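User: I would like to go through this model and ask what each label rests on. Please set the values against the criteria as we go.

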Amino acid sequence: MARRKPVLAPYHHFTKAQWGALRADEPMTLTREDIARLRTLSDPISLEEAEATYLPLTRLLSFYVEAVQGLHNVSSRFLQTPDQKVPFIIGVAGSVAVGKSTTARILQALLQRWPASPRVDLVTTDGFLYPNKVLEKRGIMDRKGFPESYDRARFVAFLGDIKSGKTNVKVPVYSHLVYDVVPGSEVVIEHPDILIVEGLNILQPGELPKNGAPILFASDFIDFSIYIDAEVDDLETWFMERFFRLRDTAFKDPNSFFRRFSEMSPEEAGTFGRTVWRTINLPNLLDNVLPTRGRADLILKKGKSHHIEEVQLRRV
C-alpha cells in the first residue's frame with residue numbers, strides 16, 4: 001500500500017473553549033463599561049467574549065514581545081552596537097465591517113495595563129489614503145480602500161521610522177466624517193513600546209521587482225499579525241447593518257460627506273448600500289484582502305452572530 005505524504009498544516013486549530021483555556025491566570029483588567037466604550041457601532045462583543053478571546057492573546061503576545069526583545073539583544077551583542085529598545089508592531093487585518101477597530105482598541109487597552117505599563121499606540125492605515133483630490137485626478141475615487149488608493153511608500157517609510165527608533169514620527173489624520181484626509185492634521189507617534197496597526201491591506205506583499213533588487217513591504221515590519229475572518233455573506237449583512245445605523249446617526253451630521261444618504265428612503269439607502277458592498281468592498285475583499293489571510297500569525301474566525309468561534313495560530 002502506497003504511503004501517503006504528510007499533510008503540512010500551517011496552523012494549530014482551537015475551538016473557542018480550547019483557546020479560552022489558554023488564558024491561564026491572566027487577569028481581566030477591563031470592565032463592561034470599558035468594552036462598551038471600545039467596541040464599534042455594530043460589534044456586539046461582551047466582556048465574557050473579550051476575556052475568552054483577548055486574554056489568551058495578550059498572554060501569547062507577552063511571550064512574543066519577550067522573544068523579539070531577546071533576539072534584538074543578541075543581535076546588538078553580536079554587532080557590538082548599543083542595545084536599543086525596538087518597538088513591537090502588531091498588525092490587525094480583515095474585511096470592511098469585520099470588527100478590526102474593536103479588536104485593535106481592546107488589544108491596546110489590555111496591553112497598556114500590563115504590569116510594566118508599556119506605551120501602546122494605535123494607528124489605522126486610513127491616514128495613508130491619498131487625499132480625495134488625488135484619487136479623483138487618477139480616476140480611482142471609486143476604488144478607495146484598494147491597494148492603489150494608499151500612499152504605500154509613505155506607509156512603509158512610517159513603519160521603518162518606528163522600527164528604527166525615531167521620535168516625533170507623524171501620521172496623517174483621516175476623517176470618516178468628511179471622507180478625506182484632513183489637510184495639515186497629523187498625529188505624532190513618540191517611540192512606543194508597542195504599536196498596533198489596523199488596516200485592510202497591511203499583509204499584502206505587493207509586486208516583486210523582476211531584477212531581484214531588495215524591496216520592503218509593510219508586512220516586513222510587523223512582528224505579529226492578526227486576521228479577522230468571516231463568511232462573505234455575513235460580512236455583507238454586517239456592512240448593511242452598520243450602514244443603516246450610521247444613516248440614523250453620524251450621517252445626519254450637516255458636515256458629513258454622507259449626509260445625502262440619511263435623506264434617502266430606506267429602500268433607496270438599502271439599494272445604495274448593497275451596490276457599494278458588491279461593486280467596491282466585495283471585489284477588494286476577494287482580490288486583495290482575503291488572499292492575505294494565510295500570511296497572518298493568528299486568524300480569528302467569526303460566526304453569523306459576530307462572535308469568534310474558532311482560532312488558528314500559525315505553527316512556529
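Analyst: The turns below take up the overall fold, the sheet, the hairpin, the empty spaces and some backbone angles. The model is predicted.

User: What makes the protein chain as compact as a globular protein of its length?

Analyst: The protein chain comes to 9 helices and 9 strands. Its radius of gyration is 21 Å, and the globule rule gives 20 Å for 316 residues; the two values are close, so the chain is as compact as a globular protein of that length. The C-alpha trace spans about 65 × 55 × 45 Å along its principal axes.

User: Why are β1 and β3 called edge strands?

Analyst: The open sheet has 7 strands in the order β1-β9-β8-β7-β2-β6-β3, with mixed pairing. Both β1 (11-15) and β3 (120-124) pair on one side only, and that makes them the edge strands. On average, neighbouring strands of this sheet are turned by 20° against each other, direction ignored.

User: How do you know that β3 and β6 pair?

Analyst: Pairing requires at least two bridges between the strands. Between β3 and β6 (residues 194-198) there are 5 bridges, in the parallel sense, so the criterion of at least two is met. L122 stands opposite I196 in β6.

User: Which strands does helix α4 lie across, and at what angle to β6 does it run?

Analyst: Helix α4 (residues 100-112) lies across β2 (88-94), β3, β6 and β7 (224-229). The angle to β6 is about 170°. Angles run from 0 to 180 degrees between N-to-C directions, so a value of about 170° puts the helix and β6 in nearly opposite directions.

User: What makes β4 and β5 a pair, and in which sense do they run?

Analyst: Strand β4 (residues 169-175) and strand β5 (residues 180-189) share 6 bridges in the antiparallel sense, where at least two are needed. K170 has V188 in β5 as its bridge partner. The hairpin of β4 and β5 has 4 residues between the strands, and Y179 takes a positive phi near 60° there.

User: Why is there a cavity to report here, and how many are there?

Analyst: A cavity is a set of points where a 1.4 Å probe fits but cannot get out. The structure holds 1 cavity of 30 Å³ or more. About 40 Å³ of space lies in the largest cavity, so the 30 Å³ limit is passed.

User: Which residues line the largest cavity?

Analyst: The lining is made of D43, I45, E49, Y54, T102, T103, K302, H306 and I308. By class they divide into 3 nonpolar, 3 polar and 3 charged. Both α3 (47-79) and α4 supply at least two residues each.

User: What is known of the second largest pocket, and what makes it a pocket rather than a cavity?

Analyst: A pocket is an open set of points, whereas from a cavity the probe cannot get out. About 350 Å³ of space lies in the second largest pocket. The lining has 17 residues, and R152, N201, Q204, P205 and G206 lie nearest the centre. The classes are 11 nonpolar, 4 polar and 2 charged.

User: Where are A24 and Q80 found?

Analyst: A24 is in the loop between α1 (16-21) and α2 (32-38). Its phi is positive, about 55°, although A24 is not a glycine. Q80 is in the loop between α3 and β2, and Q80 likewise has a positive phi of about 55° without being a glycine.

Methods
Residues numbered from 1 in each chain as written. Predicted model: local features only at pLDDT ≥ 70, side-chain atom pairs only at ≥ 80, totals over all residues. Heavy atoms only, no water. Contact = heavy atoms within 4.5 Å. 1 Å grid on protein atoms, 1.4 Å probe; cavity = no way out; pocket = protein on both sides within 12 Å on 5 of 7 lines; lining within 4 Å. Points joined across faces, edges and corners; volume = space filled by probe spheres on them. Nonpolar A, V, L, I, M, F, W, Y, C, P; charged D, E, K, R; others polar. Rg over C-alpha atoms; globule rule 2.2 N^0.38 Å.
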